[in-house]
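Visitor: I would like to go through this structure term by term. For each label, please give the value and the rule behind it.

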There are 2 protein chains.
Amino acid sequence: MNTLPLYRQLANHYLDAIRSGTLKTGERFPSIRLMMEKHAVSLSTAVQVCRELEGQGVLEARPRSGNYIRQPEPLPHPLPPAPQDVDAYVGIHQQVSSVLKASQRATIKVNFANPYCAAQLYPLKTLQDHMVKALRQNPQLLGTTAPTSGNLELRNILARRALTSKTHLNAEKIVITNGATEALNLALRAVTQPGDTVAVESPTFHGLLQILESLNLRVREVPATADYGINLFALEQLLRDPEPIRALIVMPNLQNPLGSIMPDSHKARLVQLCAEHATVLIEDDTYGDLVDTEQPLSTLKYWDHSDNLIYCASLNKTLAPGMRLGWISAGRWHDRVEMLKHSQSRGCEALSQLAVSAFMKTPSYERYLRRLRKILTQQRQQMRTAILRHFPQDTCVTEPRGGTLLWVELPPGFSSMRLFHEGLKVGIQILPGDIFSNGSGFGHYLRIACGAPFTPKIEEAVATLGQLLKNQA
Amino acid sequence: MNTLPLYRQLANHYLDAIRSGTLKTGERFPSIRLMMEKHAVSLSTAVQVCRELEGQGVLEARPRSGNYIRQPEPLPHPLPPAPQDVDAYVGIHQQVSSVLKASQRATIKVNFANPYCAAQLYPLKTLQDHMVKALRQNPQLLGTTAPTSGNLELRNILARRALTSKTHLNAEKIVITNGATEALNLALRAVTQPGDTVAVESPTFHGLLQILESLNLRVREVPATADYGINLFALEQLLRDPEPIRALIVMPNLQNPLGSIMPDSHKARLVQLCAEHATVLIEDDTYGDLVDTEQPLSTLKYWDHSDNLIYCASLNKTLAPGMRLGWISAGRWHDRVEMLKHSQSRGCEALSQLAVSAFMKTPSYERYLRRLRKILTQQRQQMRTAILRHFPQDTCVTEPRGGTLLWVELPPGFSSMRLFHEGLKVGIQILPGDIFSNGSGFGHYLRIACGAPFTPKIEEAVATLGQLLKNQA
Ligand SMILES: Cc1ncc(COP(=O)(O)O)c(C=O)c1O
Ligand SMILES: Cc1ncc(COP(=O)(O)O)c(C=O)c1O
C-alpha cells in the first residue's frame, strides 16, 4: 500500500508525467481548481502538490497566469535502464518483426518497401467527396454500431464485380474486414487449431509468416517461381506426406513477392489437389485487380466446386490504403468467420464502406483502374531498367504482368540483409529476401516496390543501392 | 477439370449468380461487349451464353435495350439443402454466439441489449464537422497507410486525460485499436499461450468469454458483486491454487454487467495480489468515463507500481460507437502488442482519430461528458422504476453509479433464457444472464441497457417483458 502522504503521491504522479514527456516543458500545469475537482483533494493539498513540484524545480509560478512546467533536473542517479523486453517478438516471427521495427525507427527518405501506390495515384478527391456526402446523408452514422459483416451494399458490389472474373461470391457470405491482413487472420483461425501445419509458397509475403507464427501454426514451404507461381509437383509431394497439411495459402495472381500469375490449368489442378487431400485452400487475391490487361484473371475460387476454399482480398492496394478495407468470403465457414470477426474486432466502421460503395458503383471505378494499370506498367519498366543499370552485373529482375513489386536476384555472395541495414542508414528502405521465407535461400534476393512515379530522386536512390552493393563485392 | 464447352461454363456461372440473387430479377444482364472484354471470349461465344440463358428462361431480350434478368424457374429437383455447419461456433463459445446470432436474425423493435447510448446523445454534428475539416486539411489521408500504433496526437490526448484519473499512460506506449474488443484480444495474445488459464469476474461481459474461448484459453471465474466488484478473498484462494493463473481480467469501474465500482483499497490490494502471484492484470476501463460524479475514478493502473498491468479502454461507449476507436497501454509488453496489432489488422484508419483528437482537445469534450452523465443517471432511474413496477414481485435491480447497464435478478424459478427467446418473437431484445458466465448460476438474471431516452414505447416494452415473465409463473 501507498504510505506517502496524499500530496506527495500526487506530486510523484505528476513528476512521472513530466519526466516522460506526457506534460511538456513550457506548458501550463493543471490548475489548483482542476486538481481539487478531479482528484477530490482539499485546497491545501492541491497547493502543497504545486509547492512540492516547485521545490523540485519542475514548476515555475507565473504571476496571474498559473504554474508552468520547467525542464526537470536530470535525476541525481541515472534512471535504471528501461527493462528491455528481450522476448518482444517471440512468437510473432522475430526476424520479420525486427526488420519491420528497424524500418519504423529509421528516417526514410526513399521507400522501396511500401507496396502501395503513391497517394496521388489514388482517386482521393472523389473518395473524399463521397465521404462528405455519406456523412451528410447519414447523420446518425458515427453514433451507431455497424453490422459485424459490413455494409450490405458494398458486399453486393464486391460480389457483382467478382462475376467479371468468373468468380461467384455470395454477398450474404462476405464479411468486410480491416484489410486482407485481418481476412487472413480470420481464415486461419476459422480452419486451424494451434499446432496445425499450414503450407505457403516460398518465397511468400512476410506478413503472412508473422500471422502464422503468431497463431501458433507450423509452416511448410512449397517452392514457387516467377513464371507459374507455386510448383504443383512439389505441392503434390508435400500433400502425400503423412503429416496432414490443414490449409494452403496461395496468391494465384501477382504473387507477393514474385509477381507470378498461375495459368488457368494450374489453378484448376491446384484446387483439385487440395480437395483430394482435404487441405483447405486460402486464396489471397490482394493484387489481382492490378494486372496490366483489361481482361480480369480467373480466381482459384472460380475453379472450386467443393466449397473447400476461403477467398481473401483487399482494397488497400487498388483504391485507398487509408481506409483499411478488405473482405473475406469463407463459404461453409462463413458463420464461424463472422463470429470470429465479432469476437476479434466487431464490425468495421461504416463511413469508408459507404464512400467506397458510392464510388465503386459508378463507371469511374473501372476507368480509374484502367489508368492506374497503365501508370504502374510504366513505373515498373522504368524501375527495372534503373536496377539493371545500377546494380551489379548478372542481377536478375522479374518482369511481372501487373502490380507494384519487383523481385530482384543478386549474384551469389551478395547480402540483401546487409544492403537493408546500410540502406536504412542513408534513408533508403528495401525489403531483404530473408524475410520472405523461414529458410535461408533468399539471402541474395530483395523486393523493390515501384508504386511511386519514377523521378530522378528515385533513380539516384537506386544508384546509391547499387554503389552499396558494389562496396560489398 | 471442367469439360463443358466454354459458353456452357459461362452460362452456368451466370445462372448461379442469378439463382443466388447476386444478379437480380429486372436488372440488365452484362452486355455482349462487356463479356467479350472481361472473359476474353469471341463474339459468338458471348452470344451463345445469352442464347443458353434465354433458352433456360432466365434472360429476356428487349429490343434495342439489351438482355434483362427474369425470375428463374424453380429448379426441377429441389437444391440440396445448404450444408449446415454444425460446428459453426465451436471454439467461439457456442452459447454466447448462438444468442448473439439469434438476435441478429430477429427483427428488433426495442433493444435492451445494446450497451451504447442512443445515437442522438453523442456529439455527432460536431464530430462530423471535425471529420470534414480533417479530410480537407489532409488531402492525402485516404491514400496513405496509417502508423501501426495510431495517431500520436490522439495518444497524447489520451495520456493527458488519464492524468486526471491519476493514471500515467505514456503516449509513446499507447496503441490505438479497433475498440476495446481488439485491445482485449491483443492483451491476451501478448501474455498468454493457448492452453493457459485466465481468470475473470463472474458474472462478466459475455464478449470476453467468446474472446477467451476463441484464443484457446481456459477460464476460471471469481465471484463478483454489485457493491464492491470482484471478491478478493475468493481471488486470493484461487491464486493460491497450484494451477497457475496467467492473467486476470477485471473491470474495476462500472463492471459489465454488475455496474460495480471497486473501492480504492480493493484496487490497491488487487494489484498487489496479482503482482505477488505473477498473474498479469488486464484492466478493462470501457465504462469508467461514464461515472455519475465529476471526480474521475482511479484506475487499477494507478495502483500498479511493478509494470504488471495492461490497460484497455474504448471511446465506443462514451463518444462515438460508429468510429470503433479503442486503445491499449501494455507497459513492458508494448513492443509485443504493437507487432501483434500489425500482424492482426495493421494500424487503424486515421480519419476518425484526427476528428476525435480535434474534439477531445477542446473543453467541449468535458462539457459534453458532464451532460451525458446527467442524462444517463436519469434514464437509469426511470428504467429501474419501470422494471420494479412491471416485473414479478421480489425482482431486484442494481443501482449503479454510472453507465448504461442494469443487472436484474428475478425471483428463483424464472428463466431469463426463455424470456430472451419470447422477447425476440415480439421484437424486444434483452440479454439472458446465462451468457455472462460459463457456469449456470445466472439463469434467473438478465441485463437491461438504458442508453436510450425513456419513452412510453420503452415503458410498454418493459411491461410486455413483465407480462411474459408472469406467464412463466
Ligand atoms: C499478398 C498480401 N496479402 C495481404 C496484404 C495485407 O493487405 P492489407 O493492407 O489489405 O491488410 C498484403 C500487403 O502488403 C499483401 O501484399
Ligand atoms: C466491458 C466491455 N469491454 C469491452 C467491450 C467492447 O468494446 P468495444 O465496442 O470498444 O470493442 C464492451 C462492449 O460492450 C464492454 O462492455
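Visitor: Which residues are linked with Lys38(A) in a network of salt bridges?

Guide: The model is predicted. In it, Arg161(B), Asp289(B) and Glu366(B) are linked with Lys38(A) in such a network.

Visitor: What makes the pair Glu236(A) and Arg269(A) a salt bridge?

Guide: The N to O distance between their side chains is 3.3 Å. The rule asks for a side-chain nitrogen of Lys or Arg within 4 Å of a carboxyl oxygen of Asp or Glu, so the pair qualifies. Glu236(A) sits in helix H9 (residues 232-240) of chain A and Arg269(A) in helix H10 (residues 264-276) of chain A, 33 residues apart, and the pair thus links distant parts of the chain.

Visitor: Why is Glu236(A) called buried or exposed?

Guide: Its relative accessibility is 19%. Buried means under 20%, so Glu236(A) counts as buried.

Visitor: What is the label for its partner, Arg269(A)?

Guide: Arg269(A) has a relative accessible area of 25%. That falls between the cut-offs of 20% and 50%, so Arg269(A) is partly exposed.

Visitor: How do you know that Arg8(B) and Glu52(B) form a salt bridge?

Guide: Their side chains meet at 3.7 Å, N to O. The limit is 4 Å, so this pair also passes. Arg8(B) belongs to helix H1 (residues 6-19) of chain B and Glu52(B) to helix H3 (residues 43-55) of chain B, 44 residues apart. Arg8(B), at a relative accessible area of 29%, is partly exposed.

Visitor: Where in chain B do Arg220(B) and Asp241(B) lie?

Guide: Arg220(B) is in strand E6 (residues 218-225) of chain B, while Asp241(B) is in the loop between helix H9 (232-240) and strand E8 (247-250) of chain B. The two residues are 21 apart in the chain, and their side chains meet in a salt bridge of 3.6 Å, N to O. Arg220(B) has 29% relative accessibility and counts as partly exposed; Asp241(B), with a relative accessible area of 30%, is partly exposed.

Visitor: How many salt bridges does the structure hold?

Guide: Over all chains there are 47. Across the interface of chain B and chain A the rule finds nine. One salt bridge joins the side chains of Lys101(B) and Glu338(A) at 2.2 Å, N to O.

Visitor: Why are the two copies described as related by a two-fold rotation axis?

Guide: Chain B can be laid on chain A by a turn of 180° and a shift of 0.0 Å along the axis, with an RMSD of 0.1 Å. The two copies are thus related as by a two-fold rotation axis. In chain B, the C-alpha nearest the axis belongs to Val132(B), 3.1 Å from it.

Visitor: How do you know that the copies meet through the same surface?

Guide: Of the interface residues of chain B, 99% are also interface residues in chain A, so the surface is the same. In this interface, 106 residues of chain B are in contact with 106 residues of chain A. The chains bury about 8,900 Å² between them, with 54% of it on carbon and sulfur atoms. Lys38(B), Leu142(B) and Met339(B) lose the most area in chain B, together 9% of what that side buries.

Visitor: What joins domain 2 of chain A and domain 3 of chain A?

Guide: Domain 2 covers 86-115 + 370-470 and domain 3 covers 124-361. Their C-alpha centres lie 25 Å apart. The area buried between them is about 2,400 Å², and carbon and sulfur atoms give 57% of it. On the domain 2 side, Arg373(A), Arg401(A) and Phe436(A) lose the most area, together 27% of what that side buries. The count of salt bridges between these domains is three. Arg373(A) also meets Glu294(A) in a salt bridge of 3.5 Å, N to O.

Visitor: Which residues have the most contacts inside the largest nonpolar core?

Guide: They are Leu270(A), Leu319(A), Leu270(B) and Leu319(B), in a core of 148 residues. Beyond its neighbours within four places in sequence, Leu270(B) is in contact with residues including Ile230(B), Met262(B) and Leu300(B). A second, separate core of 71 residues includes Ala190(A) and Leu410(B).

Note on methods: Residues are numbered from 1 along each chain as its sequence is written. Chains are lettered from A and ligands numbered from 1 in the order in which they are written. This is a predicted model: local features need pLDDT of at least 70, side-chain atom pairs count only at pLDDT 80 or more; totals for chains, interfaces and linings use all residues. Side-chain values use heavy atoms; hydrogens and water are left out. Copies are superposed by least squares on the C-alpha atoms of residues with pLDDT of at least 70 in both. Contact means heavy atoms within 4.5 Å. A nonpolar core is a set of buried Ala, Val, Leu, Ile, Met, Phe, Trp, Tyr and Cys residues joined through side-chain atoms within 4.5 Å. Buried means under 20% relative accessible area, exposed over 50%, partly exposed in between (1.4 Å probe, protein chains only). Helices (H or I, at least four residues) and strands (E, at least two) are DSSP runs, numbered from the N terminus. Domain bounds come from an automatic or database domain assignment. Buried area is the accessible area (1.4 Å probe) that two parts lose on being put together, summed over both.
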